[in-house]
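Hi everyone, thanks for coming. I'd like to walk you through one structure today, going from its sheet to its helices and then to its ligand. Have a look at it first.

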Amino acid sequence: MKFKKEISLSIFGILCLSLMTSFGCGGGATASATPDLPAEPGIPFKQFADAVHAVMMADRTVYASKVVTRLKKQDASVTPSEYWEDEEHTIPLPAQMFRMGSELVFDNPEAGFTYALKSKWPLNEQNHPKSDLEVQALDFLTENPDENFYGEEELGGEKYFVAAYADKAVAEACWSCHNDHGNREDSYPEFAKDDVMGGVIVRVPMK
Ligand code: HEC
């Protein structure tokens, strides 16, 4: 029950992050500031994972379609580049934005979960699946592109709920950039429209 309450608060935190710039969020909404609240019914792991996945995909889509594509259409002097840290007048790629966000959540002990965009054929080594269940999840998504994967695993003596969501080649830019990329290994598939290129993995501790 305690966990579920923290999850509700984490969701509030995420919504809060999204809304903060426009509306601001009421202060004191942390587990320690509200110790006497009556126990809430809580949210099931699957529902929590689906919800945070929806928020992260919405943000990624908005960045790709409203920022990256818009700059391109305007022939802007600022362009997205994988090497944005070293090049002038560039901004990060959507996948890099996504990874940097996931790293901040990973470092935040209050977040109550972790997530990452992974693939069995990653351009960035860091995005390789790291556990047997992650490999199983990515295999499942490749076989069943229209379904999500849900499972449980134990790592370092802790039990985790794991959800995985297919990441598909929805636009020509996806497969052309990946297929032509210098980091691709010999085993790299030739991605085509609607192929599952990887998956978003959400991991929630079950304590
Ligand atoms: C301009 C090139 C480019 C485009 C366009 C692009 N990607 Fe990527 N993608 C990358 C790079 C570079 C990474 C590694 C990012 C990082 O550092 O984590 C990446 C990472 C990924 C990953 C994680 C595994 C990996 O390869 O490291 C997936 C899955 C992925 N992209 C899918 C997609 C999909 C789906 C689209 C289209 C919606 C897309 N990409 C568009 C360059 C691109």
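Let me begin with a term we need straight away: two strands pair if DSSP finds at least two bridges between them. Please also keep in mind that this is a predicted model.

With that in hand, look at strand S4, residues 149–155, which is joined to S5 by 7 bridges, the two strands running antiparallel. Which residue of S5 is the bridge partner of Glu152? It is Phe161. Right beside that pair, Glu153 has Tyr160 as its bridge partner in S5. The two strands make a hairpin, with 2 residues between them. If you zoom in on the turn, you'll find Gly156, whose phi is positive, at about 55°.

Now move across to the other neighbour of S5. S5 and S6 are antiparallel as well, and 9 bridges pair them. Tyr160 turns up again here, since it stands opposite Pro205 in S6.

S6 in turn pairs with S3: 5 bridges join these two, again antiparallel. One example is Lys118, whose bridge partner in S6 is Gly199.

Let's put the strands together. The 4 of them form an open sheet with antiparallel pairing, in the order S3-S6-S5-S4. Why do S3 and S4 each have one side left without a neighbour in the sheet? Both stand at the edges with a single partner strand each, so nothing in the sheet lies on their other side. From one strand to the next, the twist averages 25°. As a bit of background, strands of a sheet pair through backbone hydrogen bonds.

Next, the helices. Helix H2 packs on the sheet and touches S3, S4, S5 and S6, and its direction makes about 130° with that of S6.

H2, residues 45–73, also meets H3: their axes come within 9 Å and cross at roughly 140°. Angles over 145 degrees would count as roughly antiparallel, and this pair is therefore oblique. The crossing is right-handed. On the H2 side, the contact is made by Arg60, Tyr63, Ala64 and Val68, and on the H3 side by Pro94, Met97 and Phe98. By class, that contact has 6 nonpolar residues, no polar ones and 1 charged.

Finally, the ligand. How many residues surround it? There are 23, and the closest are Ala95, Pro122, Cys174, Cys177 and Gly198. Some elements we've already met come back here: H3, S5 and S6 each supply at least two residues of the shell, and so does helix H5, residues 172–179. H5 gives the largest share, 4 residues. Sorted by class, the shell has 12 nonpolar, 7 polar and 4 charged residues.

So here is the picture to take away: an open sheet of 4 strands, H2 packed on it, and a ligand with 23 residues around it. Thanks for listening!

Conventions:
Residues are numbered from 1 along each chain as its sequence is written. This is a predicted model: local features need pLDDT of at least 70, side-chain atom pairs count only at pLDDT 80 or more; totals for chains, interfaces and linings use all residues. A residue is near a molecule or strand if its C-beta atom, placed from the backbone, lies within 6 Å of it. Ala, Val, Leu, Ile, Met, Phe, Trp, Tyr, Cys and Pro count as nonpolar, Asp, Glu, Lys and Arg as charged, and the others, Gly among them, as polar. Axes are lines fitted to C-alpha atoms, for helices over the stretch in contact, and angles run from 0 to 180 degrees between N-to-C directions. Angles under 35 degrees count as roughly parallel, over 145 as roughly antiparallel, 65 to 115 as roughly perpendicular and the rest as oblique. A crossing is left-handed if the near helix is turned anticlockwise from the far one by less than a right angle, and right-handed if clockwise. Two residues are in contact if their C-beta atoms, placed from the backbone, lie within 7 Å.
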